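Trainee: Could you take me through one part of this model in detail, with attention to what surrounds it?

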Amino acid sequence: MPKDRPRLLIVEDDQGLQAQLKWAYDDFDIVCAGDRESAIAALRAEEPAVVTLDLGLPPDPDGVSEGFALLDAIMELKPDTKVIVASGHGARESALAAIARGAYDFYGKPVDIDELGLIVRRAYKLWQIERENARLSLRAGEDKTVLGGLITAAPEMLKVARTIERVANTGVSVMLLGASGTGKELLARGLHEASDRAEGRFVAINCAAIPETLLEAELFGHEKGAFTGAVKATEGKIEQAHGGTLFLDEVGDIPLALQVKLLRFLQERQIERIGGRKTIDVDTRIVCATHQDLEAMIGEGRFREDLFYRLAEIVVKIPALAERTGDAALLARAFVKRFAAEMNPSIRGFAPDAIAAIDSWHWPGNVRELENRVKRAVIMADSKLIGAADLDLEDALEEGERSLNLKSARERSDRRVIRHALARSDGNISHAAKLLGISRPTLYDLLKHHDLQN
């Protein structure tokens with residue numbers, strides 16, 4: 001098959017429908033899977049641009065649990081993939097839930113091949129546009145975008161981006177430290193694009209998402225017959241990234257036994273596939289990330305100190321979204337523009353109360369939480385402007401409005417201090433007034449003003 005044809009992964013357990021769909025798209029390179037395990041394997045091996053996914057997969061063909069689990073896995077492993085889910089009669093709720101989880105679109109069953117074909121081709125076109133936009137952002141630079149298309153105007157993140165740009169061409173191993181959802185893979189990809197390895201492959205693997213029994217084969221590959229199911233020799237991620245960059249996400253989840261083998265590769269730049277006897281020279285740069293405290297894990301004997309120093313020649317700490325001045329609103333506008341174009345063109349942006357709420361919220365889930373809230377709001381909003389209620393951030397709005405009002409802030413502070421003084425003095429007004437450094441009449445006036453009287 002021509003290598004320039006886009007890849008389409010069809011996940012469908014009905015063999016007849018699978019064959020029907022497979023032969024309907026001769027302009028795509030088709031890969032088929034009938035269950036979650038084989039679909040994830042195909043996703044990793046083939047990296048399809050578009051996936052059609054029947055939510056009813058074995059062992060739950062009459063439900064949606066397996067389909068949703070697979071959708072979540074795809075969004076975790078390859079979030080730029082356009083997933084189109086199958087929705088049976090009356091399954092609108094499942095379709096909306098799937099879109100909220102990251103699916104691009106849905107189609108009704110029984111399948112209309114022509115209609116589905118239009119959705120698939122539209123999804124692929126959008127995938128192409130997004131990839132091209134990302135490439136052009138890096139080459140030409142868009143307003144407020146820096147390293148690898150990272151959207152930021154925050155001094156805290158601009159400092160991070162400058163650090164990564166400085167080390168990009170040095171070849172040193174880089175460790176990115178930050179909470180979940182802070183954009184570690186985006187920064188790793190940006191480092192790769194800014195380096196002299198940009199023409200090579202950028203290969204990412206989430207070490208926490210793969211069972212320990214499979215992780216070694218994923219990283220180092222295997223020879224034919226190395227274990228049950230090894231029907232052909234297969235390159236591991238380290239080999240696939242030869243001449244490029246390998247991103248090890250959640251590196252703290254690599255088991256100790258495998259840490260030894262990874263350390264040997266970093267020292268010798270050679271690997272052996274599972275079941276193989278031949279050493280293979282590999283020129284792969286390692287960039288890793290974790291949200292865990294690796295130094296504490298070293299003290300507990302769960303992470304090798306010598307491996308840590310091999311991986312952490314340069315350590316870059318990524319601030320949480322709440323610590324990035326002004327970035328929440330900036331990112332939210334970028335997300336609403338993107339999701340509106342994909343799913344709801346009638347949306348025109350945010351109402352003022354939504355921007356105030358976004359600016360006030362503490363974002364415990366970081367950029368990923370912001371993206372999910374905006375996506376859900378784009379889908380569910382009834383008006384052209386998304387409000388704080390659509391984002392489920394009414395509480396943040398109230399808190400933000402109070403915190404920006406100087407008089408309100410002073411009154412909250414006064415009430416808090418008066419309550420502390422009363423508690424310390426067991427309700428004795430004279431003692432509380434002395435603690436506060438004011439007279440009894442003044443304290444009585446303050447109690448009345450702040451409605452703190454019994």
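Mentor: What follows is a close look at one annotated residue, with two other places added for context. Please keep in mind throughout that the model is predicted.

The residue is Asp54, where UniProt, in an unreviewed entry, places the feature "modified residue: 4-aspartylphosphate". Asp54 belongs to strand β3, which covers residues 50-54, and because its relative accessibility is 8%, under the 20% limit, Asp54 counts as buried. Leaving aside residues up to four places away in sequence, Asp54 is in contact with Val11, Glu12 and Asp13, and also with Ala86 and Lys109.

Elsewhere in the chain, strand β6, made up of residues 174-177, pairs in the parallel sense with strand β11, residues 285-290, over four bridges, and β6 is also joined by four bridges to strand β12, residues 314-317, again running parallel. Met175 can be followed in both pairings, since its bridge partner in β11 is Cys288, while in β12 the residue opposite Met175 is Val315.

The last place to examine is Leu452, which lies in the segment after α19 (440-449) and is buried, with a relative accessible area of 18%. Once residues up to four places away in sequence are set aside, Leu452 touches Arg415, Ile418, Arg419 and Leu447; of the pair Leu452 and Ile418, one can add that they are 34 residues apart in sequence, with a C-alpha to C-alpha distance of 8.8 Å.

Definitions and conventions:
Residues are numbered from 1 along each chain as its sequence is written. This is a predicted model: local features need pLDDT of at least 70, side-chain atom pairs count only at pLDDT 80 or more; totals for chains, interfaces and linings use all residues. Side-chain values use heavy atoms; hydrogens and water are left out. Two strands pair if DSSP finds at least two bridges between them. Helices (H or I, at least four residues) and strands (E, at least two) are DSSP runs, numbered from the N terminus. UniProt positions are given in the numbering used here, feature names are shortened, and annotations may be inferred rather than shown by experiment. Buried means under 20% relative accessible area, exposed over 50%, partly exposed in between (1.4 Å probe, protein chains only). Contact means heavy atoms within 4.5 Å.
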